[in-house]
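Me: Hi! Could you walk me through this model? I have a few quick questions.

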Amino acid sequence: MHYSGWLVLVALLAGVVIGGGFVVILVLALRRSHQAVQVTSNSVPDGVEQVLDAMDSAGIVTDASLNVVKATAKAFALALVSNAHLTYPELVEVAERVRRTGRLIDEELDLQRGRFKDATIRVHVRASLLGSRFVLLLVDDRTEAYRLEAVRRDFVANISHELKTPIGAIGLLSEALHTAADDPEQVRMFAERLGAESTRIARLTQDIIELSRLQAVDAIANAERLEIDDIIAAAVDQNRVGADAHAIELMAGAPTGAVVYGDPKLLVTAVDNLISNAIRYSPDGSRVGVGSRIADGVVEIAVTDQGEGIPEADQARIFERFFRVDQARSRMTGGTGLGLSIVKHAVQNHGGDVRVWSQPGMGSTFTIRLPEADQPEAAPQDPATPYPARQQGEQNP
């Protein structure tokens, strides 16, 4: 009896130990199973999706096999992701390096875009590990910024080139004046040329300032309702003297009553540049016409000349800075090569565009297109005073 009690106690202890061992083994197995599920799961850590959606950058998350498990709308808009894979091999290579080294990568890449590889986009990429198995890529499109930087460099180079000629001419003319001091006729001729070159530098400087202002700020931050007829009349008046000097008839069309929102100074400058260009490149004794019309909510201002016309191959470039169809004639007439570029930027700042029609020997027509201003709503009438106030002396109806 004594021995049987001990046997029961030992059996109970053994059962507890064995049962506890099974429980421990089961818990460890469940933990390992949970870890395995986490390793094979494609779900990104909590909160990452919300953070990516709130960022301006294109966000992409890849798994250990570099399959895309999360991508923002901007990533698809830039065509960085297709069928759950990174589109560009350059991005794949960056992700592989991050997984291999575990280091943050921050660099810029040129990506060949398009089926025929005829377009390139410049992107800034930051890539790093996200947890133990994911790779995070943040991509910013810098294409436009680099394009503008290239334009700025070209602009500075062009300015340097354009200023070099009149400055050099002024130096030579000043030397010629010194050597011709005893010849009044020569002095008068050199002085006139010196004045012309000085005027050219002043005009070029003013155009550069105007163009820089148009590109640097919102030119119509304080836009107001403007009568297009008034804009045209002001621009025509500014060119009367120049037209009369070349016996050019400057004709303005009938008023249309069109109204736009904008900056009066900038719009007058745009129309003025088109008219002065038309006068400059028209033969003496010809006509330059300026008119406007309204079509489907668009206000059009057209300037037509009877000049030599512009070859079709050059029409796509005439709004570029310093581009001239005829370099020799432009220098002879005092053009800076910035007038049409100023027109383009001024009109674009008003939400419009400028177009050209031209044929050699048949003249040219430049058309500014601007959105028509909405008609102001009529002020609500006070029900207590249904009729307009009568003037003194008016009879009752």
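Reply: Happy to; here is a short chat about the fold, one sheet and a few residues.

Reply: This is a predicted model, so local features need pLDDT of at least 70 and side-chain atom pairs count only at pLDDT 80 or more, while totals for chains, interfaces and linings use all residues. Residues are numbered from 1 along each chain as its sequence is written, and side-chain values use heavy atoms, with hydrogens and water left out.

Me: How many helices and strands are there in the chain?
Reply: The chain has 12 helices and 14 strands. Helices (H or I, at least four residues) and strands (E, at least two) are DSSP runs, numbered from the N terminus.

Me: And what share of the residues is buried?
Reply: Of the 397 residues in the chain, 35% are buried. Buried means under 20% relative accessible area, exposed over 50%, and partly exposed in between (1.4 Å probe, protein chains only).

Me: Let's do the open sheet. What is the strand order?
Reply: The order is β9-β11-β12-β14-β13, five strands with mixed pairing. Two strands pair if DSSP finds at least two bridges between them.

Me: Which strands stand at the edges?
Reply: Those are β9 (249–252) and β13 (353–358); each has a single partner strand, so one side of each is left without a neighbour in the sheet. From one strand to the next, the twist averages 15°.

Me: How many bridges join β11 to β12?
Reply: Seven, with β11 (residues 287–295) and β12 (residues 298–304) running antiparallel. A295 stands opposite V298 in β12.

Me: Which strands does helix α7 lie across?
Reply: Helix α7 (residues 228–238) lies across β9, β11, β12 and β14 (364–371), at about 170° to β11. Helix α9 (residues 264–280) lies across β9, β11, β12 and β14, at about 170° to β14. Axes are lines fitted to C-alpha atoms, for helices over the stretch in contact (heavy atoms within 4.5 Å), and angles run from 0 to 180 degrees between N-to-C directions.

Me: Switching topic: where does H85 lie?
Reply: H85 lies in strand β4 (residues 85–86) and counts as partly exposed because its relative accessibility is 42%.

Me: What does H85 touch?
Reply: Leaving out residues up to four places away in sequence, H85 touches N67, V68 and L80. H85 and V68 are 17 residues apart in sequence and 5.4 Å apart in space, C-alpha to C-alpha.

Me: Last one: which ring does the charged end of R122 sit over?
Reply: The ring of Y146, with 4.4 Å to its centre. R133 lies over the face of F134, 4.9 Å from the ring centre. A charge sits over a ring if NZ of Lys or CZ of Arg is within 6 Å of the ring centre and within 35 degrees of the ring normal.
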